[in-house]
Each structure stands twice: as C-alpha cells, then as structure tokens.
Amino acid sequence: MSIKITWYGHSTLALEIDDHKIIVDPYFTDNPAATVSAGEVGADYILVTHGHFDHIGDAASIAKRTGALVISNFEISQWLEKQGVQRVHGQHIGGGHKHPFGYLKLTPALHGSGLPDGSNGGNPVGFLLTTNDGTRIYIVGDTGLFSDMRLIGQDGIDLAFVPIGDNFTMGPDDAYKAVEMIKPGAVIPTHYNTWELIAQDANSWAERVSKLGVKVHVLKPGESLAFK
Ligand code: NI
Ligand code: MN
C-alpha cells in the first residue's frame, strides 16, 4: 500500500491511498497559502470536518466538477445536497463506515460548525482513518485540547494532523500536550501561517515535539510526503 500526503496550507490536505484520492477540508479559493486553484484539483472523496468557510470552502465546486463523494457530518451532508452536490455520505461522531479507502470514524472536536449562509452545520468533527493495511491516521480537526485524545490514541496512531495556530484552535503549547496524549508515530502541524493572526514558528514547535520521540514533518504549502 502507498500513502502520499500533500499539504496545501491551512487544513487542506490530499491523501492519496493507493489509487484513491481524498481531499480534506478543501480551502483553495481565497486561501493565501494555497499553491493550486480549486479548478485543478482532482478528487475521488472529499472529507469536511466542519462548516466554517476555511474548511468547507471549495467542497461543493470540486465535488460538482469531479463527481467526488463528500463525507462529513449528517447536517453538512444535507446542506451540500441542497447546494447541488450529487454524492454525499453523512456520518456522525463515534460512527465509523467502511469506505473503499479504509474505515473512517468521526471523532469529537471542540469548536463551532456554522455554515457560511448561517445554516446549522451540526457538530464539528475530526477523522480517524484506518486504511486497509491497518495504518491509522488521525486528523484532529479544528479543536481545543481535550483529554479524550488520550483514549483515541490508545489503539495506536501512525500519523496525526494537529492544529497549532492558536486563536481559533489549539496553539503550540496545547498542541504539544495533544501529541503527548495521542502518542502518534509522526505528526504534521496544520492551521497556522494562513493569516498573521495564526502565525507560528512550526520549526521550533517541531524541535520541542521531536523530544517526545515523535517524528514531525513540517511541510511547505504544496509540498508532498511519501508516508508509505
Ligand atoms: Ni473552524
Ligand atoms: Mn479553521
């Protein structure tokens, strides 16, 4: 199995798992960090953690153009259907489903999820993905620190995506504590440097976290990593 990861800045990711292409929180248009435009991105699946514009951003337009299946919480999946997205799959916190790329479970997040037009976007989520070869990837999502991260980490996490930007999500100190609880094999910091308000020094954070024995990958926007 091969797993390739690309970070497009902010929380926008591509996970290429064998021949399945998954885009997470597609925020390309108006994202100052993005290196590509929404119109050039391919996708088989789109995962959306919550309703804020910097996460749901281009989900509808990419889904309509590519025919990708959008996976999110139930409220957001219903809202996207009303926006004309043909293929949606609603799940909810604690619920997992076997998709072709692996078993995907929704995890809690401490945040908001209001949609851009003021509609109720349900509760924000993170994603816990177990690929078909047993690799476990935890996308924490926009969240504050919570101690159930320890529980989520108990079965072993190979790779975690953790926000470090502060102001809207965990900052570097709480993100450090999150890594201590999750105990992932590797971590990638997200949700920073998009705007001045969430500017952070990811390299100094990486230096601290690596002393926990966790491999930290600090990616540049547009940079890819062959994880497997
Ligand atoms: Ni948010
Ligand atoms: Mn956000």
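**Metal site and salt bridges**

In this predicted model, His 52 is partly exposed, with a relative accessible area of 25%. That puts His 52 in the middle class, because buried would call for under 20% and exposed for over 50%. Asp 142, on the other hand, is buried, at just 3% relative accessible area.

Both residues turn up at the nickel ion (ligand 1), whose protein donors are His 50 (through NE2), His 52 (ND1), His 111 (NE2) and Asp 142 (OD). These donors sit 2.2 to 2.6 Å from the nickel ion. The angles among the 4 donor atoms run from 83 to 175°. The site counts as irregular, and it misses the tetrahedral class because that would need all angles to lie between 85 and 135 degrees. Along the sequence, the nickel donors follow the spacing H-x1-H-x58-H-x30-D. Asp 142 does double duty here, bridging the nickel ion and the manganese ion (ligand 2), with the two metals 3.1 Å apart. His 52 and Asp 142 also tie together distant parts of the chain, 90 residues apart. His 52 comes from the loop between strand S4 (45–47) and helix H1 (53–56), while Asp 142 belongs to the loop between strand S10 (136–139) and helix H4 (148–153).

Away from the metals, what about charged side chains? The model holds 4 salt bridges, and three of them are described here, starting with Glu 16 and Lys 4, which meet at 3.9 Å, N to O. That contact makes the list because the cut-off is 4 Å. Glu 16 lies in strand S2 (residues 13–17) and Lys 4 in strand S1 (residues 3–7), 12 residues apart. Glu 16 is partly exposed at 24% relative accessibility, and Lys 4 is partly exposed at 37%.

Next comes the salt bridge between Asp 133 and Lys 228, with 2.9 Å between the closest N and O atoms. This pair spans 95 residues, from the loop between strand S9 (125–131) and S10, where Asp 133 sits, to the segment after strand S14 (224–226), home of Lys 228. Asp 133 has a relative accessible area of 36% and is partly exposed; Lys 228 is also partly exposed, at 44%.

Asp 173 and Arg 208 form another salt bridge, at 3.1 Å, N to O. Here two helices are linked: H5 (residues 172–182) supplies Asp 173 and H6 (residues 202–210) supplies Arg 208, 35 residues apart. Asp 173 is partly exposed, with a relative accessible area of 49%, a value that falls short of exposed because that class needs over 50%. Arg 208 is partly exposed too, at 34%.

Terms used
Residues are numbered from 1 along each chain as its sequence is written. Chains are lettered from A and ligands numbered from 1 in the order in which they are written. This is a predicted model: local features need pLDDT of at least 70, side-chain atom pairs count only at pLDDT 80 or more; totals for chains, interfaces and linings use all residues. Side-chain values use heavy atoms; hydrogens and water are left out. Donors are N, O and S atoms within 2.8 Å of the metal (3.2 Å for Na, K and Ca); water is not among the atoms, so sites may look incomplete. Four donors count as tetrahedral if all angles lie between 85 and 135 degrees; four count as square planar and six as octahedral if opposite donors are over 155 degrees apart and all others between 65 and 115; anything else is irregular. Helices (H or I, at least four residues) and strands (E, at least two) are DSSP runs, numbered from the N terminus. Buried means under 20% relative accessible area, exposed over 50%, partly exposed in between (1.4 Å probe, protein chains only). A salt bridge is a side-chain nitrogen of Lys or Arg within 4 Å of a carboxyl oxygen of Asp or Glu.
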